[in-house]
Amino acid sequence: MHRRLLIALDGLAAAIAAVVFVVSAVAGQHGAAAWARGLLAAAAALPIAAVRLRPRLVFGVVLAASLGWSMLDGAQLPFVATAYAMFHCSSATSRPRRVRAVTAVLVSLGGVGLLTAVGSPRGVPGWWIGRPQVLALLAAVLACTWTAGQIVRDRRLFAQRAAEQAARSAVAEERLRIARELHDSVAHSMGVIAIKAAVAGHVADRRPDEVRDALRVIETTSKGALAEMRHLLGVLRSDDDPGEHEPPGMAALPALARRATAAGVTVDVTLRDTERLPATLELPVYRIVQEALTNVVKHAAPTRCRVGVTAAASEVSVEVCDEGRPDSGPPPGRDHGRSPRRRPGGHGLIGMRERIAAYGGTFSAGPRPEGGFRVLARIPYHEEPA
């Protein structure tokens with residue numbers, strides 16, 4: 001409920017309590033005694049309207065008025081308002097102030113005990129302060145309401161911390177997702193551009209036709225990278241449904257293979273039963289193939305590579321295998337003797353592993369005994385109804 005509505009309800013409760021208290025206090029009384037009891041009864045009820053704004057002040061006023069009214073005619077009714085004020089005072093008290101608040105309550109109860117010991121007027125019927133069991137009941141009620149207020153406050157703090165933690169986790173997951181998408185969409189194109197630029201620089205003086213081919217590949221690849229970047233930025237900036245911005249999927253795999261071929265990797269793509277693949281899995285499958293081909297271009301080109309995507313009844317498997325760098329040596333522009341194996345700390349393998357884990361799948365990557373490198377991912381899914 002909104003805070004203003006809660007304050008309004010407190011005001012309504014204070015007005016009802018004031019009417020009940022005043023009627024009970026002045027019943028059968030006349031003159032000054034009626035006025036004194038009526039004023040104390042109103043003072044024990046009306047401050048409840050501001051208990052959410054100034055809980056400690058309201059508690060002090062209500063407790064003093066309740067004690068005064070009870071000293072006059074032994075009434076116990078006003079301590080209902082005292083307990084209500086105590087609850088809000090406890091639930092609004094922060095941890096550093098708890099000691100002072102508990103001390104104030106104990107001092108109040110000590111004052112009541114002192115009145116019990118030395119201030120009981122004799123011969124007044126119904127004088128409850130002279131009864132230890134009533135004092136014990138008051139102490140128990142205040143202690144229970146204080147404990148209930150602390151429990152409510154602790155639960156509020158726990159809920160607030162849980163909400164903050166959930167918000168931080170959501171922000172971290174979103175940042176990780178954006179970083180992964182940026183890496184996947186840019187790394188492949190930048191790898192192809194880097195390879196072709198190195199080739200162009202290596203043969204610029206001897207084979208100008210090959211330089212022109214390399215520049216055409218760089219132009220096409222850079223345009224594709226810009227298109228993917230615009231798509232990703234459009235998804236991030238748009239308030240519309242992300243589904244309106246179609247991400248790359250299975251239909252884009254041939255173009256991906258052609259870009260890798262232009263960078264010196266001969267790619268054979270085999271798709272089996274991919275028409276049954278849910279639309280939500282097309283992007284992760286595309287990203288896995290994209291990142292795997294990027295690694296092949298960066299670490300093993302020129303070489304041959306096989307890409308296989310098989311959609312079974314309950315899972316889709318993605319396998320990318322390359323034959324490794326040929327014996328003739330590394331491509332132009334790369335150092336001789338560098339190991340074709342991937343570095344274990346690369347962001348690409350980490351990103352693929354995180355992406356597969358998000359879908360509850362399994363991922364493995366490593367060198368093959370016969371040479372080359374193999375990436376295998378399996379993602380479970382439920383087949384969409386026809």
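**Briefing: strands, helices and confidence in a predicted model**

Strands β2 and β3 pair in the antiparallel sense, over seven bridges. They belong to a predicted model of a protein with 10 helices and five strands. Of its 386 residues, 38% are buried. Confidence is uneven along the chain: the average pLDDT is 76, and 76% of the residues score at least 70.

**Strand pairing**

- A hairpin of three residues links β2 to β3. Within this antiparallel pair, R306 sits opposite C321 of β3.
- β3 covers residues 315-322, and six of its eight residues are buried, so the rest of the structure largely encloses this strand.
- β3 also pairs with strand β5 (residues 373-380), antiparallel, over eight bridges. Two facing pairs can be picked out here. S317 stands opposite R378 in β5, and V320 has V375 of β5 as its bridge partner.
- β5 pairs with strand β4 (residues 362-367) too. Six bridges join these two, and they run antiparallel. S364 faces L376 in β5.
- β4 and β5 form a hairpin with five residues between them. In that turn, G371 has a positive phi of about 110 degrees.
- β2 (residues 303-311) is joined to strand β1 (residues 265-272) by eight bridges, and this pair runs parallel. V265 stands opposite T303 in β2.
- The route from β1 to β2 passes through helix α9 (residues 282-299). This β-α-β crossover is left-handed.
- In a regular strand, side chains alternate between the two faces of the sheet.

**The approach to β1 and the loop after it**

- Helix α8 spans residues 253-262, and its buried residues are L253, L256, A257, R259 and A260. Viewed down the axis of α8, these buried residues fall within an arc of 160 degrees, so they line one face of the helix.
- The general reason for such spacing is that an α-helix has 3.6 residues a turn, so residues three or four places apart point the same way.
- G264 follows α8 and has a positive phi, near 105 degrees.
- D273 lies in the loop between β1 and α9. Its phi is also positive, near 55 degrees, and D273 is not a glycine.
- Most residues other than glycine have a negative phi.
- Is D273 buried or exposed? Its relative accessible area is 39%, so D273 counts as partly exposed.

**Residues far apart in sequence**

- Among contacts between residues at least 6 apart in sequence, 68% join residues at least 24 apart.
- L349 is found in helix α10 (residues 347-358). At 14% relative accessibility, L349 is buried because the cut-off is under 20%.
- The C-alpha atoms of L349 and N295 are 9.1 Å apart, with 54 residues of separation in sequence.
- H183 is placed in helix α6, which runs over residues 132-203. Its relative accessibility is 26%, so H183 is partly exposed.
- H183 and R287 are 104 residues apart in sequence, and their C-alpha atoms are 9.9 Å apart.
- A15 belongs to helix α1 (residues 3-26). With a relative accessible area of 37%, A15 is partly exposed.
- A15 and A49 are 34 residues apart along the chain, and 8.1 Å separates their C-alpha atoms.

**Surface**

- The protein exposes about 21200 Å². Carbon and sulfur atoms supply 61% of that area.

**Confidence**

- The average pLDDT of 76 includes stretches with low values. Over residues 116-130 the pLDDT is below 50. Beyond near neighbours in sequence, this stretch has 26 contacts in the model.
- Residues 328-345 also have a pLDDT below 50. Here the model shows 23 contacts beyond near neighbours in sequence.

Key: Residues numbered from 1 in each chain as written. Predicted model: local features only at pLDDT ≥ 70, side-chain atom pairs only at ≥ 80, totals over all residues. Heavy atoms only, no water. Buried < 20%, exposed > 50% of the residue type's maximum accessible area, 1.4 Å probe, protein only. Helix = DSSP H or I, 4+ residues; strand = E, 2+ residues; numbered from the N terminus. Arc of directions from axis to C-beta. Contact = heavy atoms within 4.5 Å. Areas by Shrake-Rupley, 256 points an atom, 1.4 Å probe, with all protein chains shown as cover. pLDDT = per-residue confidence, 0-100. Pairing = 2+ DSSP bridges. Right-handed = clockwise from strand over helix to strand, strands pointing away.
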